[in-house]
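User: Please take a close look at one part of this model, the open sheet and the helices that go with it. I would like the strand order first and the helix packing after that.

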Amino acid sequence: MAFISSGYNPDKPMEDRITDIGPKKYDEFYPPIIAKNKGKWLYHEILEPGVLVHVSETGDEVYTVRVGGCRLMSVSHIREICEIADKHCDGHLRFTTRNNIEFMVDSKDKVAPLKEDLLSRKQPGGCYKFPVGGTGAGITNIIHTQGWIHCHTPATDASGPVKAAMDVLFEDFVNMRLPAQLRVSLACCLNMCGAVHCSDIAILGYHRKPPLLDHEYLDKMCEIPLAIAACPTAAIRPAKVDFEGTKVNSVVLKEERCMFCGNCYTMCPSMPLADDVGDGIVIMAGGKVSNRISAPKFSKVVVAFLPNDSPRWPQTTEVIKKIVEAYAKDANKYERLGEWAERIGWERFFEKCELEFTHHLIDDFRDPAYFTWRQTTQFKF
Amino acid sequence: MAKHKTPLLDQLETGPWPSFVSDIKREAESRAKNERNIEYQIPQDVCEDLLGVLELSFKQGRTHWKHGGIVGVFGYGGGVIGRYCDQPEQFPGVAHFHTMRVNQPGGKFYTTKFLKDLCDLWEFRGSGITNMHGSTGDIVFLGTTTPQLEEIFYELTHNLNQDLGGSGSNLRTPSDCIGQARCEYACYDTQALCYNLTQDYQDELHRPAFPYKFKFKFDGCPNCCVASIARADMSYIGTWRDDIRIDQKAVNAYVGGELAPNAGAHSGRDWGPFDIQKEVINLCPTNCMRYEDGKLDINNRECTRCMHCINVMPRALRIGNDRGLSILVGAKAPILNGAQMSTMLVPFIKVEEPYDEIKEVIEAIWDWWMEEGKNRERLGELMKRQGLQKLLEVTGLKPDARMVQEPRANPYIFWKEEEVEGGFERDINEFRKYHQR
């Protein structure tokens, strides 16, 4: 493995340096039919799950076939996507915000061969490489974070639970039987790179044990004042601690104040929270980002903890499936999961989803908590 | 023969959904075979070791990645996230496994030529594993070594005319919805605005000078497909202020069952015949619609543009012609003091190049936040700490009832001296002439 230079000269880093050029301009990549009809689209229609047509005032039509993708993707897989796009779509494609891939063609007769090609490609274990679906009143791809594949703070994996959940929810990826779209998202810790806090169903990794304190190294690896300032509940204070007979500068913890957010660990690597038993999954439900009918909503915690039962997280997928089925059975047409829960009342939600309501689900975090308690005599038996 | 046994991960290679495990194995095999005789610049077995370390996490229930180190490219403070494995002896291929964020194109449209060029570069100088895309929107190159960072950056900028994205306390890579490129609901050109601001604020994007991260997201309409209202410090959401355009003939085609409601989104179940009263009129949040004698009537002045009727009958109803966007500010995920949605700041602004009016708002907010924001305080948290009034003061925007859900329920107004006739200076002796002690 010999080092091959790109042309960069480490002795003169500024020589021929190009910086601040930003991304490629979007219109370099538009398929011709998109470039021609931009801003002129009249309407669209979902012809079947995963297949859309957009019709322009020029009379042009663009047909889109949407397929699910793992956001974790190899260059071999991307090259295969390119091969398909070269064969069917004149070398153009796009990705969606939710990690789906969209292949666009300019006439209807090109749809069936494209779809057939996509569905014929499978991985060695039989998984679809390019499942067609993810449109309309169904479940589209799960957006997610890195998890154990690349992150230093996760309380669960990301790609693993997503694969397990999408296998269980697959019928609703390729179908449109639900009352409205249902968005599932996963964040492997509450930093929420994935911003799952407004999803119909959110899978959230969470710790349940306070940080370990690596007294031997804490003062050497961390700025103690930053670690203290990082704690939102003032559970950490500076202290001289006995370490193998000598006094070292470190911190002590008021464990009953810890809410396990992990912010201290972000600032100080000598305070790790990760634990095989302590870590696991919180299920939240009823959020949305759309302004349609009702205002955007935060997701609410409906299951306080489920263990990391890898590799397939059966307890997590079972809860999700139960919520989806109860919603599918009971909600009105167009009603999002959170709108349904609010209409029937959260007491009914727990009953219909067969979930236990425990004390963990009552908010006790600062002022907003009060506004989630019930200040009316109206409730359901 | 695989380098590490992965009995747990292997269980994720069945079922209908694409398997990331099979995909990483495919890349591992491809590198082992090396049919194209590539002089790999990082360990050839990087993918094997990635599977190995992931299997260990699956077994133990804990991650094996350490905090990022300070790595990057010269002159930038963002775009590269250092990552080291905490079991380097066992998995030397991923001992150094840094991430590079590559600023994605607007709307995430690609040519295969460009994607293949990226693949060639990343196979040669990195792990060959990516995220398409990261949560913020970037193309994520997952896993390379420190000496390759400058080389990759050089090749990106010199050969592909492509820059890195943001990370750390800077402007994060802005992202947009598909917009007018292929959506009839888009009220402005999300890609044009996103691109313009990204280019204008390259310095803020590459060189961390902010108290914390700052996100721009561009949604073409209130359906909010890129979730700007939930996760952007500044959310740009398309809207209009005139009338919804109605095609009465098409309305009756929906009523008559000739057109499928909601663009066919509900075809997986028999919901019975379309009922415009039940499915549109009664669900309108402002009750501003009537359907009588075969004619749909909308009281547009009362409409709050929730998009429901348009979503249900896209062939009959279209967004208005006097379009622009609303700017909402301050969204963030829960860490630390709870999640926040963006709050309405500018109800309506026209979207016209060179977007000076929009930039004035941005820069006034940044000035305030950079002056007053504490270390790692998001804009939304500063707003909570100093109040919405303060934000109006620094942006010079007039208070507007559209900015709140309701007026305050307490009278604890922080009156300023200049607002009260005669000021706060008073004479206690004068007061005592009329009021005994």
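Analyst: What follows goes through the sheet and then the helices. The model is predicted. The open sheet has six strands in the order β1(A)-β2(A)-β3(A)-β6(A)-β5(A)-β3(B), and their pairing is antiparallel. Its edges are β1 of chain A, residues 41-48, and β3 of chain B, residues 109-111, each of which pairs on one side only. On average, neighbouring strands are turned by 30 degrees against each other, direction ignored.

At the chain A edge, six bridges join β1(A) to β2(A), residues 51-56, in the antiparallel sense. Within this pair, A:Val55 of β2(A) is the residue opposite A:Tyr43.

Two helices can be placed against the strands as follows. Helix α2 of chain A, residues 75-88, lies across β5 (92-95) and β6 (101-105) of chain A, and runs at about 15 degrees to β6(A). Helix α4 of chain B, residues 112-125, also packs on the sheet, where it touches β5 of chain A and β3 of chain B. The direction of α4(B) makes about 80 degrees with that of β3(B).

Helix α2(A) has a helix partner too. Its axis and that of α3(A), residues 111-120, come within 11 Å and cross at roughly 160 degrees. Because angles over 145 degrees count as roughly antiparallel, α2(A) and α3(A) are roughly antiparallel to each other. Their crossing is right-handed. From α2(A), the residues A:Ile84, A:Lys87 and A:His88 meet A:Pro113, A:Leu114, A:Asp117 and A:Leu118 of α3(A). By class, this contact has four nonpolar residues, two charged and one polar.

Key:
Residues are numbered from 1 along each chain as its sequence is written. Chains are lettered from A and ligands numbered from 1 in the order in which they are written. This is a predicted model: local features need pLDDT of at least 70, side-chain atom pairs count only at pLDDT 80 or more; totals for chains, interfaces and linings use all residues. Side-chain values use heavy atoms; hydrogens and water are left out. Two strands pair if DSSP finds at least two bridges between them. Helices (H or I, at least four residues) and strands (E, at least two) are DSSP runs, numbered from the N terminus. Axes are lines fitted to C-alpha atoms, for helices over the stretch in contact, and angles run from 0 to 180 degrees between N-to-C directions. Contact means heavy atoms within 4.5 Å. Angles under 35 degrees count as roughly parallel, over 145 as roughly antiparallel, 65 to 115 as roughly perpendicular and the rest as oblique. A crossing is left-handed if the near helix is turned anticlockwise from the far one by less than a right angle, and right-handed if clockwise. Ala, Val, Leu, Ile, Met, Phe, Trp, Tyr, Cys and Pro count as nonpolar, Asp, Glu, Lys and Arg as charged, and the others, Gly among them, as polar.
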